[in-house]
Amino acid sequence: MRKKVIAGNWKMNKLVGEAEQFVEDVKESVPSSEKVESVVVAPFTHLHALVEKAKGTDLKIGAQNMHAEESGAFTGEVSPEMLKDIGVEYVVLGHSERRELFGETDESVNQKVHAAFKHNLVPIVCVGESDEQRENNQAETIVEDQVKKALKDLTNEQVQDVIIAYEPIWAIGTGKTATAEDANAMCTHIRNVVKAFAGDEAAQAVRIQYGGSVKPANVDEMLGQSDIDGALVGGASLKTDSFLALVEAGT
Ligand code: PEP
């Protein structure tokens, strides 16, 4: 049985005081981490304060990106070691906004995934097709290619510990959601792809989230699918009541 993981991606929202208040308000109400992993994925400037606030609770904290190197002349970047040092446990890599707006490539995502493992951070690796690619029937091949490139040269044991977030770009922040059946079909495809290059054990263990306009009203249907093991949620994770409803749905 794969444990569900619900991650709220705040993107570039909230000031640190607001973020601290959010964690204060939800931290005693999130379900036990034995039942579901509940993660807040916050801006870099907030991470230290949020880790401190969430200490000793079932709420985990994640970053939205990082650099692959440990240190050096990379102005404006944050390293995996820095994240680990302050107690961050998860890192989102290759979000479509980073690919589209900041030149993230499959190769840089792969380097970062390796760096995450080196520093014991759990990588949440985002993949997904555009509207045009789906219309041209390329969705499966695009996603397959992204998965293979992102996880290149990992051991089968490492692959087991990756979280893959399938996020069709056309469903992110648009209010358009993939049907649960379509989302599940892609997640099944991803699991088969993992099976082909990392074996059945890794394929059965790897967790695959769906992301794209998930909200309390549709999360149960998504999480009820055979190959969907959680959700990566943007907009609906910003309010305490909907965040709590989402993580509760994962139990
Ligand atoms: C996301 O940011 O990863 C996302 C899925 O956003 P939203 O839930 O707002 O579509």
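A residue is counted as buried when its relative accessible area is under 20%. In the predicted model, helix α2 has five residues that meet this cut-off by name: H46, L47, L50, V51 and A54 are the buried residues of α2. They cover an arc of only 135 degrees around the axis, which puts them on the same side of α2. Residues three or four places apart in an α-helix point the same way, because the helix has 3.6 residues a turn. The cover over the buried residues of α2 includes α1, β2, β3 and α3 (80-85).

Helix α1 spans residues 16-26, and its buried residues are A19, F22, V23 and V26. Seen down the axis of α1, these residues fall within an arc of 95 degrees, so they line one face of the helix. The buried residues of α1 pack against β2 (36-42), α2 (44-54), β3 (59-63) and α12 (240-249). The elements around the buried residues of α1 thus include α2, and those around the buried residues of α2 include α1.

The end of α2 was examined next. Just after α2, G56 takes a positive phi of about 80 degrees. T57 is placed in the loop between α2 and β3. With a relative accessible area of 15%, T57 is buried. The side chain of T57 reaches back to the backbone oxygen of A54, at 2.6 Å. A54 is itself one of the buried residues of α2. Beyond its neighbours within four places in sequence, T57 is in contact with K27 and E28. T57 and E28 are 29 residues apart along the chain, yet their C-alpha atoms are separated by 6.8 Å.

The strands give a second set of contacts. Strand β8 comprises residues 230-233. Its side chains split into two pairs: G230 and L232 point one way, A231 and V233 the other way, and all are buried. In a regular strand the side chains alternate between the two faces of the sheet. β8 runs parallel to β1, and four bridges join the two. L232 in β8 is the bridge partner of A7. β8 also runs parallel to β7, here with two bridges. L232 is again a bridge partner, this time of G211. From β7 the chain crosses through α11 to β8, and this β-α-β crossover is right-handed.

Strand β1 (residues 4-9) contains N9. N9 counts as buried, at 6% relative accessibility. The side chains of N9 and H95 are joined by a polar contact of 3.5 Å. With neighbours within four places in sequence left aside, N9 is in contact with V41, Q64, H95, L232, V233, G234 and S237. Among these contacts, L232 and V233 belong to β8. K11 is found in the loop between β1 and α1. K11 has a positive phi of about 55 degrees, although it is not a glycine.

A positive phi was also computed for S213, near 55 degrees, again in a residue other than glycine. S213 is located in the loop between β7 (207-211) and α11 (216-223). S213 counts as buried, at 17% relative accessibility. A polar atom of the S213 side chain lies 2.8 Å from the backbone oxygen of A171. Residues up to four places away in sequence not counted, S213 touches A171, G173, T174, G175, K176, T177 and N218. A171 therefore appears both in this contact list and, given a polar-contact limit of 3.5 Å, as a polar partner of S213. In an unreviewed UniProt entry, S213 is covered by the annotation "modified residue: Phosphoserine". That annotation comes from the record, and such annotations may be inferred rather than shown by experiment.

Definitions and conventions: Residues numbered from 1 in each chain as written. Predicted model: local features only at pLDDT ≥ 70, side-chain atom pairs only at ≥ 80, totals over all residues. Heavy atoms only, no water. Buried < 20%, exposed > 50% of the residue type's maximum accessible area, 1.4 Å probe, protein only. Arc of directions from axis to C-beta. Contact = heavy atoms within 4.5 Å. Polar contact = N/O pair within 3.5 Å; in protein donor to acceptor, adjacent residues only side chain to side chain. Pairing = 2+ DSSP bridges. Right-handed = clockwise from strand over helix to strand, strands pointing away.
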